[in-house]
Amino acid sequence: MKRSRINDIMAAADEMIRAHGFALPPFAYWSPDTFRSREDAARHIIDVRCGWDITDYGRGRFDEMGLFLFTLRNGLLADLQAGRGMCYAEKLLISRQDQLSPMHTHALKAEDIINRGGATLVIELYGSDDAGAFAEDRGGTVWLDGLRHDYAPGEKLRLKPGESVTLRPGDWHAFWGEGGDVLIGEVSTVNDDETDNIFREPIGRFAEIEEDCAPRHLLVSDYPTVFG
């Protein structure tokens with residue numbers, strides 16, 4: 001993806017988030033230079049990779065397959081493993097109309113996916129086989145607004161604004177906006193985008209960036225290069 005396109009997506013996402021009554025934290029608006037100057041104070045943000053995240057899954061077709069994310073807060077895997085401390089994470093996502101976030105699951109993360117506003121969020125579900133791999137012929141169990149729901153393989157949930165689903169490790173899912181763009185909330189256990197996204201097809205989690213202009217704000221995928 002071109003950096004100029006990423007900058008435009010950031011601006012449009014911020015506008016949509018504000019239109020739905022949400023506000024991003026102050027560090028979201030730091031320039032790259034400000035972020036560098038506050039590296040010591042921002043070490044937790046850097047280490048747990050809070051911030052802007054825009055991906056086309058390495059396919060170069062963001063409008064067809066892609067996702068906007070902003071990680072608001074995140075804990076440490078060590079806390080989750082110890083069973084105490086900051087064991088949770090929270091994100092805002094935007095799924096555009098007919099923009100696919102491809103089939104995947106997580107080995108560790110349980111998550112609530114919440115339609116915070118906009119159009120309908122479609123979530124396609126499959127279960128896992130005994131080894132945890134994608135199973136085309138298996139369903140599973142999720143919770144819709146806290147109510148148990150046993151899903152059939154390939155079932156498509158349609159969440160209206162205010163509705164939510166709880167997914168656990170082994171629930172394979174893909175999602176997209178139907179009838180327009182959707183603002184999504186994600187509340188989960190500790191989030192590890194480096195190792196805990198298991199895709200059905202071999203694709204990349206982060207975009208490859210063409211630096212055609214200066215960044216508006218740093219992406220979480222910029223942190224290793226900028227901060228080491």
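Me: How much space lies in the second largest pocket of this predicted model?
Reply: About 170 Å³ of space lies in the second largest pocket. The model is a predicted one.

Me: What makes a residue part of the lining of the second largest pocket, and which residues are they?
Reply: A lining residue has an atom within 4 Å of a pocket point. Arg59, Met65, Leu100, Pro102, Met103, Glu124, Ala174, Phe199, Arg200, Glu201 and Ile203 line this pocket.

Me: How do you know which classes these lining residues belong to?
Reply: Met, Leu, Pro, Ala, Phe and Ile count as nonpolar, and Arg and Glu as charged. The lining therefore has 7 nonpolar, no polar and 4 charged residues.

Me: What lines the largest pocket?
Reply: The largest pocket holds about 220 Å³ of space and has 16 lining residues, with Val48, Arg49, Asn74, Asn191 and Asp192 the closest to its centre. Helix H3 and strand S2 each give two or more residues to this lining. By class, the lining has 6 nonpolar, 4 polar and 6 charged residues.

Me: Why is the set with Leu24, Phe35 and Trp52 called a nonpolar core?
Reply: A nonpolar core joins buried residues of listed types, Leu, Phe and Trp among them, through side-chain atoms within 4.5 Å. The largest such core has 32 residues, and Leu24, Phe35, Trp52, Ile54, Phe68, Phe70 and Tyr223 have the most contacts inside it. Helix H1 (3-19) supplies the largest share, 6 residues.

Me: How do you know that Tyr223 is in contact with Phe35?
Reply: Contact means heavy atoms within 4.5 Å. Beyond its neighbours within four places in sequence, Tyr223 is in contact with residues including Phe35, Ile45, Ile46 and Leu218, so heavy atoms of Tyr223 and Phe35 lie within 4.5 Å.

Methods:
Residues are numbered from 1 along each chain as its sequence is written. This is a predicted model: local features need pLDDT of at least 70, side-chain atom pairs count only at pLDDT 80 or more; totals for chains, interfaces and linings use all residues. Side-chain values use heavy atoms; hydrogens and water are left out. Buried means under 20% relative accessible area, exposed over 50%, partly exposed in between (1.4 Å probe, protein chains only). Helices (H or I, at least four residues) and strands (E, at least two) are DSSP runs, numbered from the N terminus. On a 1 Å grid over the protein atoms alone, a cavity is a set of points where a 1.4 Å probe fits but cannot get out, and a pocket is an open set with protein on both sides within 12 Å along at least five of seven lines; lining residues have an atom within 4 Å of a point. Grid points are joined across faces, edges and corners, and a volume is the space filled by probe spheres set on the points.
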